[in-house]
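Please take me through this model in the viewer, one selection after another. For each stop, say what to select and what is found there.

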Amino acid sequence: MDPKLGRMAASLLAVLLLLLERGMFSSPSPPPALLEKVFQYIDLHQDEFVQTLKEWVAIESDSVQPVPRFRQELFRMMAVAADTLQRLGARVASVDMGPQQLPDGQSLPIPPVILAELGSDPTKGTVCFYGHLDVQPADRGDGWLTDPYVLTEVDGKLYGRGATDNKGPVLAWINAVSAFRALEQDLPVNIKFIIEGMEEAGSVALEELVEKEKDRFFSGVDYIVISDNLWISQRKPAITYGTRGNSYFMVEVKCRDQDFHSGTFGGILHEPMADLVALLGSLVDSSGHILVPGIYDEVVPLTEEEINTYKAIHLDLEEYRNSSRVEKFLFDTKEILMHLWRYPSLSIHGIEGAFDEPGTKTVIPGRVIGKFSIRLVPHMNVSAVEKQVTRHLEDVFSKRNSSNKMVVSMTLGLHPWIANIDDTQYLAAKRAIRTVFGTEPDMIRDGSTIPIAKMFQEIVHKSVVLIPLGAVDDGEHSQNEKINRWNYIEGTKLFAAFFLEMAQLH
């Protein structure tokens, strides 16, 4: 092709994409009368939707504590969800996942994974929704103001473990389907659900199942949607297109297996704790900059286009500070988001083997283990990071001339995930948000790690989008977790509108 013609074609394509993004030349919007009916139904039945969430929150589906009582609750939770989907007319399979082998040699059954299908029209697009119904541990005595397993509404806030992570969003999807069913309206798209009960424990055995089902259950899937994170605002919705990865390290310093009396041995040996503190102190400076040589070499350079994206994001710094109860952050608004999403961070998590009980104890630990992690961003490589960290700690340790032994190990290595925001489902999600909330969404990344997004993208080879429902102050994994009634009900409308937008754009 003539180079001039090639440049003209590229320019024309760029203009057409811009016009499509702004709504020109796109398919017509969903029928307003149908949307209005669906929205009215959702408003009229919102108390029923809240009651169902209350029933689901009451099931103590804790996957983190590996004890039979909670496993029984997990099985009950998955059975309730399967029954709910079957009553909507879905074809449901509860896949036996086998046993989980525990470190103490015992085993516990893994709760089944639900694979459900609604519709099989080959002329329609197929959207697959992933969610999980297990929760983090919760106890009233840990600082909860209400019983964590009794959904309690206070000033429009629905408090309860799992309300926002992830039972509320899973139910919002189901509620949206039920609205079409109740109104005897055909679903605009084929819908599939994959719902698990072990996400909080690392999604045990899920990757093997996805690999096994990629040419069966996932064969007709066009798009994958996850709703398992939060907005960065209390009122403005967001779409998430990337998450950070994670490399978790342990560094052990050992003199001997027994501890020492500090009066008998203090001052005459290399103390493992002193070595470890020096090692941990060499990893990051007071401004949060990682001191490991070469760690930033593969980080994607910042572009002018990306800078403009951050400028467009709504973040009320005062609101963010108040909701997180942090007096002062290291950076201003734009820099905070960049350091949360597009730059790596290093966090020191704890020391195993140290004396940490109340009171005094003049002991020198004979063996200590430091724990820290690095959140990874594109295009950082897990293996390269492991080598850089190990080399750095070995270099620091050698300069101490210590007679102790040091061992560095990486116990977890998860890659970052990023998607193409020009994919069809991103456009559909933006249009649905404009319809329901009357505003443009914040296009955000998530500073945490959601391995399932990367897993779906690599195994199923389909576009993945994260459409969060929860507000920034929902407190997932924390005491007094909640979801606002407004987020829950408007989120149900959002998914209904999303179905219709996907039908128009597919």
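A residue is called buried here if its relative accessible area is under 20%, exposed if over 50%, and partly exposed in between. By that rule F249 and F372 are both buried. Keep in mind throughout that the model is predicted.

**Stop 1: the ring pair F249 and F372**

Select F249 and F372 and show their side chains. The two rings form a stacked aromatic pair, with 5.2 Å from centre to centre and 10° between the planes. F249 belongs to strand β11 (residues 245-254) and F372 to strand β15 (residues 367-376), so the pair links parts of the chain that are 123 residues apart. By the same ring criterion, the count for the structure is 15 aromatic pairs.

**Stop 2: strand β15 and its neighbours**

Extend the selection to the whole of β15. Is this strand enclosed by the rest of the structure, or open? Seven of its 10 residues are buried, so β15 is largely enclosed. Add β11, which pairs with β15 in the antiparallel sense over 10 bridges. Within that pairing, M250 has K371 of β15 as its bridge partner. Next add strand β13 (residues 345-352): it runs antiparallel to β15 and is joined to β15 by seven bridges. Here E352 stands opposite I369 of β15.

Then go to the loop between β15 and α12 (382-399), where H379 lies. The peptide bond joining P378 and H379 is cis, with omega at about 0°.

**Stop 3: the nonpolar cores**

Select F193, I194, F456, Y488 and F498. These residues have the most contacts inside the largest nonpolar core, a set of 112 residues. Helix α15 (residues 485-505) gives the most to this core, with 11 residues. A second, separate core has 26 residues, among them L276, L279, L280 and I295.

Which residues does F456 touch, leaving aside those up to four places away in sequence? The contacts of F456 are Y130, I194, V210, F218, I224, I226, H461, K462 and V464. For the aromatic cluster, select F129, W173, F180, F193, F495, F498 and F499, which form one cluster.

**Stop 4: salt bridges on helix α15**

The structure holds 27 salt bridges. Three that involve α15 follow.

- Select R485 and E153. They form a salt bridge with the closest N and O atoms 2.9 Å apart. R485 is in helix α15 and E153 in strand β6 (residues 152-154), 332 residues apart along the chain. R485 counts as buried because its relative accessibility is 18%; E153, at 39%, counts as partly exposed.
- Select R431 and E501. Their side chains meet in a salt bridge, 2.9 Å from N to O. R431 is in helix α13 (residues 424-437) and E501 in helix α15, with the two positions 70 residues apart. Both R431 and E501 are buried.
- Select K493 and E490. The N to O distance of this salt bridge is 3.0 Å. Both residues lie in helix α15, three residues apart, or about one turn of the helix. Both K493 and E490 are buried. Add D43 to the selection: salt bridges with shared partners join D43, E490 and K493 into one network.

**Stop 5: charges over rings**

Select R235 with W486. R235 lies over the face of W486, 3.8 Å from the ring centre. Then select R256 with F265, where the charged end of R256 sits over the ring, 5.6 Å from its centre.

**Stop 6: helix α11**

Select helix α11 (residues 333-341). Its buried residues are I336, L337, M338 and W341. These pack against α9 (304-311), α10 (317-324) and β18 (442-446).

**Stop 7: backbone details**

Select D165 and N166. The peptide bond from D165 to N166 is cis, with omega near 15°, and N166 is found in helix α5 (residues 163-182).

Two non-glycine residues with positive phi close the tour. D155 has a phi of about 50° and sits in the loop between β6 and β7 (157-159). D155 is exposed, with a relative accessible area of 72%. H477 has a phi of about 70° and sits in the loop between β19 (463-466) and β20 (482-484). With a relative accessible area of 44%, H477 is partly exposed.

Definitions and conventions
Residues are numbered from 1 along each chain as its sequence is written. This is a predicted model: local features need pLDDT of at least 70, side-chain atom pairs count only at pLDDT 80 or more; totals for chains, interfaces and linings use all residues. Side-chain values use heavy atoms; hydrogens and water are left out. Buried means under 20% relative accessible area, exposed over 50%, partly exposed in between (1.4 Å probe, protein chains only). Helices (H or I, at least four residues) and strands (E, at least two) are DSSP runs, numbered from the N terminus. Contact means heavy atoms within 4.5 Å. A nonpolar core is a set of buried Ala, Val, Leu, Ile, Met, Phe, Trp, Tyr and Cys residues joined through side-chain atoms within 4.5 Å. Rings of Phe, Tyr and Trp (its six-membered ring) pair if their centres lie within 6.5 Å; planes under 30 degrees apart count as stacked, over 60 as edge-to-face and the rest as tilted. A charge sits over a ring if NZ of Lys or CZ of Arg is within 6 Å of the ring centre and within 35 degrees of the ring normal. A salt bridge is a side-chain nitrogen of Lys or Arg within 4 Å of a carboxyl oxygen of Asp or Glu. Two strands pair if DSSP finds at least two bridges between them.
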